[in-house]
Structures are given as C-alpha cells and as structure tokens.
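User: I am new to this structure and would like a close look at a single part, the sheet. Please take me through it slowly, in one connected answer.

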Amino acid sequence: MATEENTEQKKAGNGGPERIAAPTAMRHASGQLAQMLQCEPGSVSALKATDDGWLADVEVVEIERVPDTASVMASYRVYLDGQGRITGYERTRRYGRGQIDR
C-alpha cells in the first residue's frame, strides 16, 4: 500500500533514489529544523531543487516576547537530501517580527 509520501515522490533522472515533491520538502525542512532548534516553526520563504535534493529558507521564532511584535525571528538556510533529511543548516539572518526589508 502506498503512503502519502511515496505518492508525492518523483523519480530521479539518473535512476537513483526518488526525490520527494516540493510540498513534502517544505514540511520536512520546517518540521525537522524546528525540532532540532526547539523553536516554534514558521514558514518556508524559499524552496529550490538542487542536484543533491532541496534548499529551503525557513523562518522560525527564536525568542518569543510579549507583545509578539517584539519577538525575534531568524531565517535559516536548510539543505535537504532527495528524501527530505536535513544534511546541514545555517542561520542567515535575525530580525524583529514585522520588520520589513528595504
């Protein structure tokens, strides 16, 4: 019986393991990163297929404050293999919630 994840996978062109679909990669990136950092998961602001898997930019709440507009957010670049496992990550930016880039 096929699982939801198996039905969302795409075959790799080189005959290797199948690559998970973009929506699944987004869920894996945010969920695994939040679990590793013990932070509230945010959104995935960017997702790109690479030769090795996926590259995602994930926003998380690093420091929760009251009011929530004073909370500190962070953007992490997350590297996933073709099956959605994190192979690396790095924080690329910290900012206040609601801060707008100029």
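Analyst:
**The sheet and its strands**

Read from the start of the sequence to its end, the protein follows the pattern α-α-β-β-β-β, which amounts to two helices and four strands. What you see is a predicted model, with an average pLDDT of 86 for the protein and with 84% of the residues scoring at least 70. Some care is needed at the beginning of the chain, since pLDDT stays under 50 over residues 1-12.

The four strands form an open sheet in the order β1-β2-β3-β4, and the pairing is antiparallel. Strands β1 (40-49) and β4 (86-96) stand at the edges, where each has a single partner strand, so one side of each is left without a neighbour in the sheet. On average, and with direction ignored, neighbouring strands of this sheet are turned by 20° against each other.

Going across the sheet from one edge, β1 pairs with strand β2 (residues 53-63) in the antiparallel sense over seven bridges, and Pro41 stands opposite Val60 in β2. The next pairing, between β2 and β3, is again in the antiparallel sense and extends over ten bridges, with Ala56 standing opposite Val78 in β3. Finally, nine bridges join β3 to β4, and these two strands run antiparallel; here Val72 has Gly96 in β4 as its bridge partner. The strands β3 and β4 also form a hairpin with four residues between them, and in its turn Gly84 has a positive phi of about 95°.

Strand β3 deserves a longer look. Eight of its ten residues are buried, so β3 is largely enclosed by the rest of the structure. Ser75, which lies in strand β3, is buried, with a relative accessible area of 7%. Leaving aside its neighbours within four places in sequence, Ser75 is in contact with Asp57, Val58, Glu59, Glu90, Arg91, Thr92, Arg93 and Tyr95. Among these contacts of Ser75 is Arg93, which lies over the face of Tyr95, at 4.0 Å from the ring centre.

Beside Ser75 in the sequence comes Tyr76, which belongs to the one aromatic pair that the structure holds. The rings of Tyr76 and Tyr89 have their centres 5.9 Å apart and their planes at 55°, so the pair is tilted. This pair links distant parts of the chain, with Tyr76 in strand β3 (residues 72-81) and Tyr89 in strand β4, 13 residues apart. The two partners can be described by their accessibility as well: Tyr76 counts as buried because its relative accessibility is 7%, a value under 20%, whereas Tyr89, at 36% relative accessibility, counts as partly exposed.

A further arginine lies over a ring elsewhere in the model: Arg19 is placed over the face of Trp54, at 5.4 Å from the ring centre.

To set the sheet against the whole, buried residues make up 34% of the 102 residues in the protein. Among contacts between residues at least 6 apart in sequence, 36% join residues at least 24 apart. Within this picture, β3 has bridges to β2 and to β4, and eight of its ten residues are buried, while β1 and β4 stand at the edges of the sheet.

Methods: Residues numbered from 1 in each chain as written. Predicted model: local features only at pLDDT ≥ 70, side-chain atom pairs only at ≥ 80, totals over all residues. Heavy atoms only, no water. Pairing = 2+ DSSP bridges. Axes fitted to C-alpha atoms, helices over the stretch in contact; angles between N-to-C directions. pLDDT = per-residue confidence, 0-100. Contact = heavy atoms within 4.5 Å. Phe/Tyr/Trp six-rings, centres within 6.5 Å; stacked < 30°, edge-to-face > 60°. Buried < 20%, exposed > 50% of the residue type's maximum accessible area, 1.4 Å probe, protein only. Lys NZ or Arg CZ within 6 Å of the ring centre and 35° of its normal.
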